[in-house]
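Please look over the structure shown here. The questions after it are meant for a reader new to it.

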Amino acid sequence: MRRRAFLRAGGVAAAGVAGALTPAGVARTPDDCFVRLRRRWRELAAGSGYDPAAEPYRAELAALGRAAARHLDTMAAGPGRLWPDQPFPSFVATPRRLRTMARAYALPGTGLTGDPALAEAVAAGIDHYRRHVYAAGAYPAGNWWHWQIGVPKALLDASALVEPQLGEERRRALAGAVDHFVPQHRLGSYSGTSTAANRVDLCLVMLLRAMLDGDHGRADLAVAALAPVFRYVGEGDGFYRDGSFIQHAYVPYQGSYGVTLLSGAAVIFALLRGSPWEVTHPVAFEVVERSFAPFVRDGACMDLVSGRAVGRRPFGDHERGHALADAILLLGEVAPAAYRARWQALVKGWAARSGHRPALEPAAHARLAAVEADPAVPAAPEPVGHRLLPMSARAVHRRPGWCAALSMSSDRIGHYEHGNGENPRGWHTGSGMLYWWADGHGEHYSDAFWPTVDPYRLPGTTVSARRLPDGAGGAWGDTRTPWRWVGGATDGTYATVGQHLSGLESTLEAFASWFFLDDAVVCLGAGITAEDGTPVETIVDNRRTAARLTQGEGWAHLEGHGGYLAPGGRLRTLRERRAGGGFARDYVTLWLDHGVDPRSAGYHYVLLPGATPEETRARAADPGRVRVLANSTGAQAVHVPALGLTAANFWLAGTAGGLTASAPCAVLAREHGDGTAALAVSDPRRDLEELEVTWDRPIAGLLAGDALLTGSTLSFRGLAAREGASVTVRLA
C-alpha cells in the first residue's frame, strides 16, 4: 500500500520490468560506448562467477532484498523527508537507502531483482531528494564532501543501476544538480581538497555523470584528471617513493583514504577496460606492494596509517584490510599477469591467516572465494624484513612469528588526526607508539582497544601526564612537531629508527631510538626533559589482556604475549579493567616513571615478542647479547656481536662505539662472514649536502654503492634528496 502511495506522491507510474539496458531516450543521441559502460557498471555491482542460490550468497542477497523491501515499504515522500525517520538533508542515510534499493533491483537473487515498482521508486526517490536537497542552485552548507562526493556518488550509482527507469527529465535534472556542485573546473587544479583519494572520488563522480547523458567531454576529463594521483610526490598529498602515502597534508593514510583511493581506481580501471577511455597507470600497480602491503598483517590494515578512522568501530582494521584486498583483486583484473599472480597469492595468504572476516558484498565475496578455491594460487606467507618509510615517520618490522610497527611525528607528520568529532583523544599516537603482534595476537588492537585504552599510556610512548582537552592541537592532522630528525637506516632486515620527540601541547622533549633485531626491539631514550609540573612516563607496554604477569630482577613476562627487559630500571606495573564506548576490557600496563619535570632523564628497555618465561630470564642474564654503546642527546647506539651489527642514531656529529659521523645521521653497519660488510646511511633531517662516516674497521675497498672511500672513511653526497644510501665494502 505504501509503495503505491509513494509512487502517486511522486507523480509517477510504474513502468515495465527493466531487463537489459534500453536505448537512450529520443532527446539524447544513442551512444553504444556509454550503453556498454552502463552495462559494465551493473556487471561490476552484481559480480560474477557465483551461484546466487548457493550460500553464502543466498543469505547475503536475501538480506539485501529484505532491506530494500523495508525501505520501499516505509517510503513516505514529503517536503522535508523521503523517510519519516530521516528528515532532510540526511546526507548519508537517504542516499544510502536509495543505493541499497537500486542494488536489490540490479543484483540477482534478492527477491526484488528487476522489480519495476522498486526501480521506479528509486528513480522517483532520487528526483525527490534532488528537488528538496540536492538542487542546482542550493547552497552547499556544512561539509563540502557530502555535496561533491558522498551524495552525488550514491545518487549516480543508484541512477546507473536503474537507468532505464530514470527518464529523460529526471536525468537532465540530476545532471544539472551534479554540474552545479561538481563543476568541471573542480578537476582543473590538483590542490586543496582535490587530491589523492578525494581526487579519485571526484573523477569517479565525473565519470558517472558523463555516463548519465553520454557526455564525452566529461568522460575525457575524468580520465585525464586521474593522472596526478599516480605520480610520485616529494611533499603534500600523494604517494612517495619510499612507500609513504599522505592525505590531509600531514597524515599517513594507506588505511581509510588509501583504501578509498585504490578501490576507486580499481573500479574506474575495470569499468573503462575495452572502452575508448581505457586507462592504467604503472604507479597504481607499484604502490600495491610498495605502499599498502607493508601495513597489512593477517588481513588487517594497521591503525598507524588510518588517521582518525581508528576508533570508528571494533574490528575496523579488518574491515579496511578486506576492502583493500578486494580492491587489489579487482585491480589485478586489469594489471599485468606478473602483478596479478603475486597479488592473488598475497590476498590468499591474508585471508588464510585472518581471524575475522567482515561481511562482504557478493561481488567482493566471489572474487575472494575464487582465489581461495584456486589450487594454482599459493597462499603467500607473512613476509620477513624491515620497511622504513621516513617521509611518513612510520616503520614496520617483520620477523618469523612476530611483527612490530612504529608511529612517530615530525615537522611534516602530525602527532594524530582528529576531525568531524572523531579520534579526539589520539593525542600521543605519534609519540613513538610501538604496536606489536606475536602469533595469535591478530585482534589485539581490533577488539575495542581504542575506546578502552588509557590514551596517556599508549605502548612505546614517552609522554607528559599533563591533561589535554579532547581534540587538542590543530584539526585534520596539523599537530606537527618542530623537529626534523625522524627516520633511520635499514638494510632491509634490521633497522635503527629514531625520533626527536616533542610532546603535544607540552614542554616535553626527548630523543628516542628503536633498534629492530631478530627477536627483540631495543628501546633507548635520552634527554627527557619537561616543565609541565606533571609526571613523565615511558610506557613499555599496555596490553589488552588479563594474562598472568611474572616479574624478576630487571625483567617481566606476560603469559602468552612475551617478555620485557629493563636493565637498571624499576619497571612499574598495573592491572586494571577499563571501560569506554560501551565496552570494558582488561589491561596490563608496564611503564618507567621519570618523575615530575625530569631533566635529561633516560631509559633502556627491551621488548621480546613471543618470548617464553625461560627465554626472558635467559636474556636478562645475558646483558652482553646487546651492548648499548651510547644513550645520550648526542647519539644512541647498540652493538649486537652475534649479528656483527652496529647501529647508531647520531643526533649531533660525534662518535658512538666504532662509528664516527660528521653530521647528524643514522648508520647501520653489518659485518658478514665472508669478509664483507654492508653499511646503510641516511639523513633523517633531509638537509645534508655531504656526510662522512668513519668506521674503526680496516676497509680494503668499496664493492658496491654510491660513496667515496678514503681509508676507513666513506663520503656520501646528496643524501638529502634520497631515502638513504647503502654500500658494500671488503674488510681488510
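The following questions and answers concern overall form and the nonpolar cores.

This is a predicted model, in which local features need pLDDT of at least 70, side-chain atom pairs count only at pLDDT 80 or more, and totals for chains, interfaces and linings use all residues. Residues are numbered from 1 along each chain as its sequence is written, and side-chain values use heavy atoms, with hydrogens and water left out.

Q: What is the radius of gyration of the protein?
A: The radius is taken over C-alpha atoms, and the globule rule is 2.2 Å times the number of residues to the power 0.38. For 732 residues this rule gives 27 Å, and the protein is close to that, so it is as compact as a globular protein of that length. Its radius of gyration is 28 Å.

Q: What percentage of the residues in the protein is buried?
A: Buried means under 20% relative accessible area, with a 1.4 Å probe and protein chains only. Of the 732 residues, the buried share is 59%.

Q: Which helix supplies the largest share of the largest nonpolar core?
A: A nonpolar core is a set of buried Ala, Val, Leu, Ile, Met, Phe, Trp, Tyr and Cys residues joined through side-chain atoms within 4.5 Å. The largest one has 120 residues, and F230 is among those that touch the most other members. Helices are DSSP runs of H or I, at least four residues, numbered from the N terminus. The largest share, 13 residues, comes from residues 196–213, helix α9.

Q: How many residues make up the other core, which includes M408?
A: This core lies apart from the largest one. Its members include I413, L434 and V497, and its size is 61 residues.

Technical notes. Buried < 20%, exposed > 50% of the residue type's maximum accessible area, 1.4 Å probe, protein only. Helix = DSSP H or I, 4+ residues; strand = E, 2+ residues; numbered from the N terminus.
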